[in-house]
Amino acid sequence: MSVPESLLPTMHDVLRDVLEQMFFCEALPVQCRHCQNGIAARVRFDGEPSGELTVMLSRELAVAASAGFLAEDNEEVTASQLEQIACELANIICGAILSRLHPNARVGLSPPEIAAADFTAPVHQCFETSEGMLAVAIRMN
Amino acid sequence: MTVLIVDDSPVMRTFVRRVMRLAGFGDAEYVEASDGCEGLRHVQSGRVDLVLTDINMPNMNGEEFLESLHASDVLRSIPALVISTDATRDRMARMMALGARGYIAKPFSPEALRDEVERALGGGDERS
């Protein structure tokens, strides 16, 4: 399936809104710099369109974003919470992008899961925050 | 006021409770459920004044949960708001048809949550 032209601008808007409103940080799109030692979560979507979205966070950003989300200190965030929050972030970003791009569509989201990083997807955008890197990758079937 | 938060994600339940407090509902009591079955048991206990529910959950999802609430003469009077990543028109219309008093799409701000909660409880501005 072809990638809609509005996908990248929509992704930027969604990232800004999600990070500001729910994770209390800001992100700017930047040239791709793959984060190593990070954490990644994937959501598959099925309907019109179908595909998958993967969110990858550097370890530093994952900890800071989790602490912001839960109102805890960085040291208090557990490994399990890091994974849950990476999954929740992928879920929110995926749902918001699809709802804005296809408000009349019927698309089902699978439960988010921890996954391998996806650096080869056709749509891939990195974002920089003061706490570290984040990348979003989308594959459309 | 007792608020029931129904979501299969523990971190999301923590976040909603936190944002409710930021939105001015710090005096409320909060109870949590990880799916619609558990949520139904809480509302049947008779001490829930407001329900905030996700849609995609195991065992009993948000649609089935709202259907169960709406099917009961007693429980249908409890205001229920949906909090979901799915903001498609069809989904929102279905949940409102099942008796939801409001729909909050993620991401959302404390102010947006406060406005919807106040409206659902009858204290906010009526919107079309």
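**Strand E4 of chain B and its surroundings**

Trainee: What pattern does chain B follow, read along the sequence?

Mentor: Along its sequence, chain B follows the pattern β-α-β-α-β-α-β-α-β-α. It has 5 helices and 5 strands; helices (H or I, at least four residues) and strands (E, at least two) are DSSP runs, numbered from the N terminus. The model is a predicted one, in which local features need pLDDT of at least 70 and side-chain atom pairs count only at pLDDT 80 or more, while totals for chains, interfaces and linings use all residues. Residues are numbered from 1 along each chain as its sequence is written, and chains are lettered from A and ligands numbered from 1 in the order in which they are written.

Trainee: Why is strand E4 of chain B called largely enclosed by the rest of the structure?

Mentor: A residue is buried if 20 or more other C-beta atoms lie within 10 Å of its own, exposed if 12 or fewer, and partly exposed in between, with C-beta atoms placed from the backbone. In E4(B), residues 80-84, 5 of the 5 residues are buried, so the strand is largely enclosed.

Trainee: How do you know that both faces of E4(B) are covered?

Mentor: In a regular strand the side chains alternate between the two faces of the sheet. On one side B:Ala80, B:Val82 and B:Ser84 are buried, and on the other B:Leu81 and B:Ile83 are buried as well.

Trainee: What makes E3(B) and E4(B) a pair?

Mentor: Two strands pair if DSSP finds at least two bridges between them. E3(B), residues 50-53, and E4(B) have 3 bridges, in the parallel sense; the pairing criterion is therefore met. The chain passes from E3(B) through helix H3(B), residues 62-70, to E4(B) in a right-handed β-α-β crossover. Right-handed denotes that, with the strands pointing away from the viewer, the path from the first strand over the helix to the second runs clockwise.

Trainee: Which strand pairs with E4(B) over 4 bridges?

Mentor: That strand is E5(B), residues 102-105, again in the parallel sense. B:Val82 stands opposite B:Tyr103 in E5(B). E4(B), helix H4(B), residues 89-97, and E5(B) form a right-handed β-α-β unit.

Trainee: Why is B:Asp49 called partly exposed?

Mentor: B:Asp49 has 14 other C-beta atoms within 10 Å, so the residue falls between the two cut-offs and is partly exposed. B:Asp49 lies in the loop between helix H2 (36-44) and E3 of chain B.

Trainee: What does B:Asp49 touch, not counting residues up to four places away in sequence?

Mentor: B:Asp49 touches B:Met1, B:Thr2 and B:Val3, where contact requires C-beta atoms, placed from the backbone, within 7 Å.

Trainee: How many residues of chain B are in contact with chain A?

Mentor: 19 residues of chain B are in contact with 22 residues of chain A. The largest share of that side of chain B, 6 residues, comes from H1(B).

Trainee: How do you know that the radius of gyration of chain B agrees with a compact globule?

Mentor: The radius is taken over C-alpha atoms, and the globule rule is 2.2 Å times the number of residues to the power 0.38. With 128 residues the rule gives a value near 14 Å; chain B has 13 Å, which agrees. Of these 128 residues, 41% count as buried.

How values were computed: Contact = placed C-beta atoms within 7 Å.
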